[in-house]
Amino acid sequence: MSIYKYSEIVKKAKEIKASVEKEYKKPSANWSYYFAKSIIKPNTEIKKITVKSPSKSTGNDFGRQITKSQYLDMAKRLIAYVEKHNQMPNNIKIGNKLMRGSDYTYMFARILVYYDTNKALPKYANVNSKA
């Protein structure tokens with residue numbers, strides 16, 4: 001069985017966060033599953049799985065604050081979807097909006113980096129995106 005260590009997942013989250021913030025590159029959604037699993041259960045190893053990219057990443061522009069309970073719910077729904085379909089979702093519904101894969105990947109990466117630094121999950125995550 002092949003696994004990712006927690007430290008490997010955090011390293012990738014830091015790389016994605018830095019890439020978005022310094023180079024304004026939209027991230028691929030493929031690491032979101034591992035980020036979500038690590039947010040739900042930090043400091044654990046995660047079995048590697050083959051996950052297809054979203055078939056078509058769709059969603060709305062975002063400019064809002066996502067609460068801890070909301071992003072934990074989003075993480076759980078993403079995990080369930082991936083484990084059922086072996087594919088990243090095109091988007092995740094939050095309220096009456098749909099969050100694109102690049103946006104939820106960046107959000108989960110930031111949450112995981114915050115946890116790694118502070119040893120606690122943030123009370124909220126800001127998401128600001130444009131198509």
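## A buried valine in helix α1

Valine 10 has a relative accessible area of 4%, so this residue is buried. The model discussed here is predicted. Valine 10 belongs to helix α1, and that helix covers residues 6–23.

Two partners of valine 10 stand out once its neighbours within four places in sequence are set aside: Leu112 and Asp116 are in contact with valine 10. Another pair can be compared by position along the chain. Valine 10 and tyrosine 34 are 24 residues apart in sequence, and 9.4 Å separates their C-alpha atoms.

## The chain as a whole

The protein chain contains four helices and six strands. Their order along the sequence is β-α-α-β-β-α-β-β-α-β. Among the helices are α1 (residues 6–23), α2 (residues 32–40) and α3 (residues 68–85).

The radius of gyration is 13 Å, and a compact globule of 131 residues would be expected near 14 Å, so the two values agree. Along the principal axes, the C-alpha atoms fill a box of roughly 40 × 35 × 30 Å. Contacts in the chain often link distant parts of the sequence: of those between residues at least 6 apart, 76% join residues at least 24 apart.

## Surface and charge

Of the 131 residues in the protein chain, 41% count as buried; valine 10 is one of the buried residues. The accessible surface of the chain comes to about 7400 Å². Carbon and sulfur atoms account for 48% of that surface.

The protein chain carries 26 positive and 10 negative charges. The mean position of the positive charges lies 4 Å from the mean position of the negative charges. Some of these charges pair up, and the count of salt bridges comes to eight.

## A salt bridge within one helix

One of the salt bridges joins glutamate 15 and lysine 12, whose closest N and O atoms are 3.7 Å apart. The two residues are three places apart in helix α1, which means that about one helical turn separates them.

Are these two residues buried, partly exposed or exposed? Glutamate 15 has 40% relative accessibility, so glutamate 15 counts as partly exposed. Lysine 12 has a relative accessible area of 26% and is also partly exposed.

## A salt bridge between two helices

Glutamate 83 and lysine 37 form another salt bridge through their side chains, with an N to O distance of 3.2 Å. Which parts of the chain does this pair tie together? Glutamate 83 lies in helix α3 and lysine 37 in helix α2, so the pair ties together parts that are 46 residues apart in sequence.

Glutamate 83 has a relative accessible area of 44% and is partly exposed. Lysine 37 is partly exposed as well, at 25% relative accessibility.

## A network around Asp116

Lysine 119 and aspartate 116 also meet in a salt bridge, and their closest N and O atoms are 3.8 Å apart. This salt bridge belongs to a network, because salt bridges that share partners join Lys14, Asp116 and Lys119. At 56% relative accessibility, lysine 119 counts as exposed.

Asp116 leads back to the starting residue, since Asp116 is in contact with valine 10. Valine 10 itself is buried, whereas lysine 119 is exposed.

How values were computed. Residues numbered from 1 in each chain as written. Predicted model: local features only at pLDDT ≥ 70, side-chain atom pairs only at ≥ 80, totals over all residues. Heavy atoms only, no water. Rg over C-alpha atoms; globule rule 2.2 N^0.38 Å. Buried < 20%, exposed > 50% of the residue type's maximum accessible area, 1.4 Å probe, protein only. Contact = heavy atoms within 4.5 Å. Areas by Shrake-Rupley, 256 points an atom, 1.4 Å probe, with all protein chains shown as cover. Lys, Arg positive; Asp, Glu negative; His and termini not counted. Charge placed at Lys NZ, Arg CZ, Asp CG, Glu CD. Salt bridge = Lys/Arg side-chain N within 4 Å of Asp/Glu carboxyl O.
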